[in-house]
Amino acid sequence: MEAELRTWLFTLSFLIFINGEAGISPSYSAQIFQQGGEETQPLFRLEGTTEKAGATEIQRSIIRAAQGDADIVHSEELTLLNNEFKKFIIQHRQLQEKWTVELEDGRYKFTTENVITKKVKTSDESYSSNFVVGPMVYARIVKEWEKLNGGESVEVKVGALSRRETIGFYLAKDGERLSKGERIARILLRPKSILIAAFLDPIEFHIRMRDKKLLSTVGRTQLRILRNGSWQDLIALTNYEN
């Protein structure tokens with residue numbers, strides 16, 4: 001259970017879109033470092049775009065190795081209809097899997113597929129007004145900013161695509177710091193379950209107070225790195241550039 005829960009948090013750490021109100025522009029990039037290795041070269045590079053056509057908005061991202069092999073290692077696509085969730089797709093190329101969740105007839109339909117074996121698993125859950133997937137978390141922070149800045153916590157149900165279910169989390173402000181004269185807030189996404197929280201560290205969002213711009217995120221990811229002869233989860237610092 002612990003390993004499975006850790007793998008899906010990648011989307012919370014990396015794919016964070018803003019719908020033009022604050023934070024990141026519709027076309028942006030980010031550098032992904034191993035946490036604690038900010039003085040080294042980035043391991044991966046993220047590129048994201050947003051396209052709008054009528055009531056439909058599609059947000060896409062790709063992640064490539066920062067050096068050497070430039071093949072795509074991970075891609076995501078979020079579809080919103082009238083600013084509400086419609087569909088989210090993850091192509092995890094390191095794991096050779098495709099994960100999908102779509103809102104149909106008032107239910108979230110989850111599907112996981114191994115692209116090599118073609119093995120498919122499905123499940124579904126009922127609609128919830130506080131449902132989010134990774135790309136929607138920062139937008140929820142902006143929406144609930146007054147509550148968070150006032151010391152309240154906000155509950156969300158996060159779509160865990162690899163597990164084909166939702167998991168409850170709390171958003172809460174965890175202090176501020178000064179950086180180059182700017183006040184930077186730290187917002188944490190913590191599991192509601194005490195059991196899960198015992199082995200799953202919060203995801204951190206570092207946000208500039210004056211304009212609510214997202215500067216960076218910190219947390220465990222689905223990306224893998226080779227360490228001591230074995231593949232391990234990457235705990236990353238992601239610095240947004242635009």
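The following exchange concerns how terms are applied to one predicted model.

Modeller: In this predicted model, local features need pLDDT of at least 70 and side-chain atom pairs count only at pLDDT 80 or more, while totals for chains, interfaces and linings use all residues. Residues are numbered from 1 along each chain as its sequence is written, and side-chain values use heavy atoms, with hydrogens and water left out.

Colleague: What makes a segment count among the helices or strands of the protein chain?

Modeller: Helices are DSSP runs of H or I with at least four residues, and strands are runs of E with at least two, numbered from the N terminus. The protein chain has 5 helices and 15 strands.

Colleague: Why is helix α3 called mostly covered?

Modeller: Buried means under 20% relative accessible area, exposed means over 50%, and partly exposed lies in between (1.4 Å probe, protein chains only). In α3, residues 134-143, 8 of the 10 residues are buried, among them Met136, Tyr138 and Ile141. Over the 242 residues of the protein chain, 47% count as buried.

Colleague: How do you know that β10 and β11 pair?

Modeller: Two strands pair if DSSP finds at least two bridges between them. Strands β10 and β11 are joined by 7 bridges, therefore they meet that criterion, and they run antiparallel. Glu155 stands opposite Tyr170 in β11. The two strands form a hairpin with 4 residues between them, and Arg164 in the turn has a positive phi of about 60 degrees.

Colleague: What makes β9 and β10 a pair?

Modeller: Strand β9, residues 131-132, is joined to β10 by 2 bridges, and the strands run parallel. Val132 has Val158 in β10 as its bridge partner.
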